[in-house]
Amino acid sequence: MKYIIAAIKPFKLEEVREALTAIGVRGLMVTEIKGFGTQSGHTEIYRGAEYAVNFVPKVKLEIAVPDSLAEQVVETLSRTARTGKIGDGKVFVLDLEQATRVRTGEAGDDAL
C-alpha cells in the first residue's frame, strides 16, 4: 500500500476530487494548510499598505491506495492540479505498512 500526500491550490480541490473518484479512489482526507516553497510568499497591498504574505494557502490531500493504483493517482493529481504557474504544489508517496478499518477490523488493502 502507498500513502500519498499532495499539497495543491485550494481552487483545484473539487476538480482533483472528481478526477480521483473517476479512477477508483474511494476516500481521501483534506486539510487546509499554509506553506511556502520556491514561491516564498509574496506581497499584497491592502487599503494602501503593502505587507508580506509569507505563507501561501494550500490544501493538503492524504490518500491511502493499493500499490497497483499509486502511479495512476500521482499522474492524475499532477495533471489535474497543474495550472502551469508557480505554486502548483507537490506530491509525496510513502510506503504504508498497515491500515485497519475500525468498524470491521479489516486490514491491509481490504481496509482501504
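**Salt bridges and overall fold**

With a relative accessibility of 32%, E106 falls in the partly exposed class. The model looked at here is a predicted one. The side chain of E106 pairs up with R101 in a salt bridge, and the closest N and O atoms of the two lie 2.9 Å apart. R101 is partly exposed too, with a relative accessible area of 24%.

That pair belongs to a set of six salt bridges held by the structure. Another of them joins D88 and K9, where the closest N and O atoms are 3.7 Å apart. This one ties together distant parts of the chain, the partners being 79 residues apart. D88 sits in the loop between helix 2 (67-81) and strand 6 (89-95), while K9 sits in the loop between strand 1 (2-8) and helix 1 (13-22). Because its relative accessible area is 16%, under the 20% cut-off, D88 counts as buried. K9 is buried as well, again with a relative accessible area of 16%.

A further salt bridge is found within helix 1, between E14 and R17. Here the N to O distance is 2.5 Å. The two residues are three positions apart in the helix, so about one helical turn separates them. Both side chains belong to partly exposed residues: E14 has a relative accessibility of 41%, and R17 has 36%.

Now for the chain as a whole. It is built from two helices and six strands, and reading along the sequence gives the order β-α-β-β-β-β-α-β. Many of its contacts bring together residues that lie well apart in the sequence: of the contacts with a separation of 6 or more, 72% are between residues 24 or more positions apart.

As for overall shape, the radius of gyration is 17 Å, whereas a compact globule of 112 residues would come out near 13 Å. Along the principal axes, the C-alpha atoms fill a box of roughly 60 × 25 × 20 Å.

What share of the 112 residues counts as buried? The figure is 29%. The chain exposes about 7,500 Å² of surface, and carbon and sulfur atoms supply 52% of that area. Charges come as 15 positive and 16 negative ones, and the mean positions of the two groups are 6 Å apart.

Key
Residues are numbered from 1 along each chain as its sequence is written. This is a predicted model: local features need pLDDT of at least 70, side-chain atom pairs count only at pLDDT 80 or more; totals for chains, interfaces and linings use all residues. Side-chain values use heavy atoms; hydrogens and water are left out. Helices (H or I, at least four residues) and strands (E, at least two) are DSSP runs, numbered from the N terminus. The radius of gyration is taken over C-alpha atoms; the globule rule is 2.2 Å times the number of residues to the power 0.38. Buried means under 20% relative accessible area, exposed over 50%, partly exposed in between (1.4 Å probe, protein chains only). Contact means heavy atoms within 4.5 Å. Accessible areas come from the Shrake-Rupley method with a 1.4 Å probe; for residues, only the protein chains shown count as cover. Lys and Arg count as positive and Asp and Glu as negative; His and the chain ends are not counted. The place of a charge is taken as NZ of Lys, CZ of Arg, CG of Asp or CD of Glu. A salt bridge is a side-chain nitrogen of Lys or Arg within 4 Å of a carboxyl oxygen of Asp or Glu.
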